[in-house]
Amino acid sequence: MKYVMASATGLILAFAIMYWQGITLAETTQEIMQTASDGFFVVGLLYVGLGLLFVAAHAGTLDIITYGFRSVIWLFTPFAKSRDEGGFYEYKMKKKEKRKAIPFFLIWVGLAFIALSVLFLILYYNA
């Protein structure tokens, strides 16, 4: 289901980009293929980049940032938690236990959009 939702959202975004670039005003097949290639490439690049960011976050790369923000919030609120909970290492181990499977689906959907972009690019050069 997540693949279908990501693909549908990507298609809507790709068609919005194509419309914004003027695909409805295109006069030749080459212009249509160029606009389609651009739309699918932008969406594919966004999905791959977002997927890689999720993979990095899943690996724990951004844990220090979230720990820092939580520490600052605890410092300036009346509901501050005690420091008896431990430091960053304990926080990182708790986060590691809660993590689920690595979300690779955005990368795969993004690569499919980039493949569509390459297909339209080939059609652009052959038109």
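This is a short walk through the helices of a predicted model, stop by stop.

**Stop 1: helix 2 against helix 5**

Select residues 29–58, which are helix 2, and residues 105–126, which are helix 5. Their axes come within 7 Å and cross at roughly 160°. An angle over 145 degrees counts as roughly antiparallel, so that is how helix 2 runs relative to helix 5. Turn the pair until one lies in front of the other: the crossing is left-handed. Now colour the contact between helix 2 and helix 5 by residue class, and you get 23 nonpolar and 7 polar residues, with no charged ones.

**Stop 2: the nonpolar core**

Keep those two helices on screen and add helix 1, residues 2–21. Helix 1, helix 2 and helix 5 are the elements that give two or more residues to the largest nonpolar core. That core has 14 residues, and the members touching the most others are Ala 6, Phe 40, Val 43, Tyr 47 and Phe 113.

Zoom in on Phe 40 and show what surrounds it. Leaving out neighbours within four places in sequence, Phe 40 is in contact with Leu 11, Ala 14 and Met 18, and also with Phe 113, Ile 114, Leu 116, Ser 117 and Phe 120.

**Stop 3: helix 1 across helix 5**

Hide helix 2 for a moment. The axes of helix 1 and helix 5 come within 10 Å and cross at roughly 45°, so the two helices are oblique to each other. This time the crossing is right-handed. To see the contact, select Lys 2, Tyr 3, Ala 6, Ser 7, Gly 10 and Leu 11 on helix 1. On the helix 5 side, pick Phe 105, Leu 106, Trp 108, Val 109 and Phe 113. By class, the contact of helix 1 with helix 5 splits into 8 nonpolar, 2 polar and 1 charged.

Stay on Leu 11, which sits in helix 1. Is Leu 11 buried or partly exposed? Its relative accessible area is 34%, so Leu 11 counts as partly exposed. Bring helix 2 back. Not counting residues up to four places away in sequence, Leu 11 touches Phe 40 and Phe 113. For a distance check, draw a line from the C-alpha of Leu 11 to that of Gly 39: they are 28 residues apart along the chain and 9.1 Å apart in space.

**Stop 4: two residues of helix 2**

Go to Thr 35, in helix 2. Thr 35 counts as buried because its relative accessibility is 9%. Setting aside neighbours within four places in sequence, look for its contacts with Met 18, Gln 21 and Ile 23.

Then slide along to Ala 56, also placed in helix 2. Ala 56 is partly exposed, at 27% relative accessible area. Its contacts, not counting residues up to four places away in sequence, are Thr 61 and Leu 62. Another line to draw: the C-alpha atoms of Ala 56 and Ala 101 are 13 Å apart, with their positions 45 residues apart along the chain.

**Stop 5: helix 3 and helix 4**

Last selection: residues 63–76 for helix 3 and residues 88–98 for helix 4. They pack at about 115°, with their axes 10 Å apart, and the crossing is right-handed. Show side chains for Asp 63, Ile 64, Thr 66, Tyr 67 and Arg 70 on helix 3, and for Phe 88, Tyr 91, Lys 92 and Lys 95 on helix 4; these residues make the contact. What classes do the residues of this contact divide into? There are 4 nonpolar, 1 polar and 4 charged.

How values were computed. Residues are numbered from 1 along each chain as its sequence is written. This is a predicted model: local features need pLDDT of at least 70, side-chain atom pairs count only at pLDDT 80 or more; totals for chains, interfaces and linings use all residues. Side-chain values use heavy atoms; hydrogens and water are left out. Axes are lines fitted to C-alpha atoms, for helices over the stretch in contact, and angles run from 0 to 180 degrees between N-to-C directions. Helices (H or I, at least four residues) and strands (E, at least two) are DSSP runs, numbered from the N terminus. Angles under 35 degrees count as roughly parallel, over 145 as roughly antiparallel, 65 to 115 as roughly perpendicular and the rest as oblique. A crossing is left-handed if the near helix is turned anticlockwise from the far one by less than a right angle, and right-handed if clockwise. Ala, Val, Leu, Ile, Met, Phe, Trp, Tyr, Cys and Pro count as nonpolar, Asp, Glu, Lys and Arg as charged, and the others, Gly among them, as polar. Buried means under 20% relative accessible area, exposed over 50%, partly exposed in between (1.4 Å probe, protein chains only). Contact means heavy atoms within 4.5 Å. A nonpolar core is a set of buried Ala, Val, Leu, Ile, Met, Phe, Trp, Tyr and Cys residues joined through side-chain atoms within 4.5 Å.
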